[in-house]
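Please walk through this structure by way of a few selected residues and a sheet. The account begins with a tryptophan, as the text below the display sets out.

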Amino acid sequence: MSLAVVTPSYKHDAEIFGDLHSSVLRMTDDSVMHYVVVPAADAKLFEGLVGKRGVIITEESLYPAHYKTVRGLNSVAHFLPLIPVHARIAAVNIKNPRRPVRGWMMQQLLKLEVCRQLDVDMVLLLDSDVELVRPINEETFGAGERASLYRKPNAVDGGMPMHMEWTRVSRSLLGLPPGQFPASEYVSSMCVWEPKVVRAMLACVERVTRRRWMDAITAQRTFSEWTLYGVFAEEVMHYPESDLTERSLCLSYWGEHLRDNPPLTAEGAMEFISHLNADDVAVLIQSKTRTPRAIRRVAIEAIGGAANADSDHAHRI
């Protein structure tokens, strides 16, 4: 079994990406490559952050030919009136310009596209604000020839309207009946995909919708890549219970709402990491919490997951 790590990032997360990348170099063996997907304008910045096992992929290099950045449109005057003012868009599908692709959705699509292309058995998807704190290998994420699927049964209900919509959209894209709620939750701070499963899933979307998979997904109002993969694996590929897990292996401090999860203090960081489980291999302190990097270092170093600056430098050479 072979393993790769994939991270979408951009300039504002460059510093914490550097910490993640150093942890990947420390906590994986020399066969594991770390692919970072960034806007072309940020590529030069990331060249100074990746080590000998880091590969930079520009977002634009993954776009199909009919997806253009606003700057890359040949007839800007024709398309700009169709784009909402102040919309944070990544690209425009010139075949469907009335629904420009927001950055958050394109980031999800590019995870799928990179995984579709990689010739490995497992891909560990990590955002920039995650950091590995214990050694990992292929066996960390499943026994035998299958990566375990994170699945929390009956977790998506009326209290999670967006997750309910992600479930509906995924089932529709896969040609499945609407289903019932509560439904399974597949969203986690650290997931592992199998590229062969991703390829089969995207082929399924194309058969059902009779469209290119990216066009079918960008036509949706909202979407979750985790949910699409989970629904496909469990309900189309019929993963057995032995391949399903409720353990994410990552201690997480989410930050969707600052009123619920304010920036961690040094004391709060120590209390947070006290909940680290024996089998957790990573920590997420979401960047949306605006926790200072110095406090993040307090937490990680207390776990023992961070090396000193000389060691980091040596790994990057």
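Leaving aside neighbours within four places in sequence, W166 is in contact with V187, T222, F223, S224 and T227. The model in which these contacts are found is a predicted one. W166 itself belongs to helix α5, which covers residues 161–173. Its relative accessibility is 17%, and W166 therefore counts as buried, the cut-off for that class being under 20%. A second tryptophan, W226, lies 60 residues away from W166 along the chain, yet the two C-alpha atoms are separated by 9.3 Å.

Attention now turns to the backbone. Most peptide bonds are trans, and most residues other than glycine have a negative phi. Three places in this model may be read against that background. The peptide bond that joins F181 and P182 is cis, with omega at about 10°. P182 is located in the loop between α5 and β11, the latter being the strand at 183–185.

The other two places concern phi. H238, although not a glycine, has a positive phi of about 55°. This histidine lies in the loop that runs between α8 (225–236) and β13 (244–245). With a relative accessible area of 56%, H238 is exposed, since that class requires a value over 50%. L249 is likewise not a glycine, and its phi is positive at about 65°. The loop that holds L249 lies between β13 and β14, where β14 comprises residues 250–253. Is L249 buried or exposed? Its relative accessible area is 13%, so L249 is buried.

Strand β14, which follows the loop of L249, leads to a sheet. This is an open sheet of 3 strands in the order β8-β15-β14, and its pairing is mixed. β8 (130–132) and β14 stand at the edges; each has a single partner strand, so one side of each is left without a neighbour in the sheet. From one strand to the next, the twist averages 15°.

How many bridges join β14 to β15? There are 4, and the two strands run parallel, β15 being formed by residues 282–285. Within this pairing, S252 has L284 in β15 as its bridge partner. Helix α10, residues 293–303, packs on the sheet and touches β8 and β15. The direction of α10 makes about 165° with that of β15.

Notes. Residues are numbered from 1 along each chain as its sequence is written. This is a predicted model: local features need pLDDT of at least 70, side-chain atom pairs count only at pLDDT 80 or more; totals for chains, interfaces and linings use all residues. Side-chain values use heavy atoms; hydrogens and water are left out. Buried means under 20% relative accessible area, exposed over 50%, partly exposed in between (1.4 Å probe, protein chains only). Contact means heavy atoms within 4.5 Å. Two strands pair if DSSP finds at least two bridges between them. Axes are lines fitted to C-alpha atoms, for helices over the stretch in contact, and angles run from 0 to 180 degrees between N-to-C directions.
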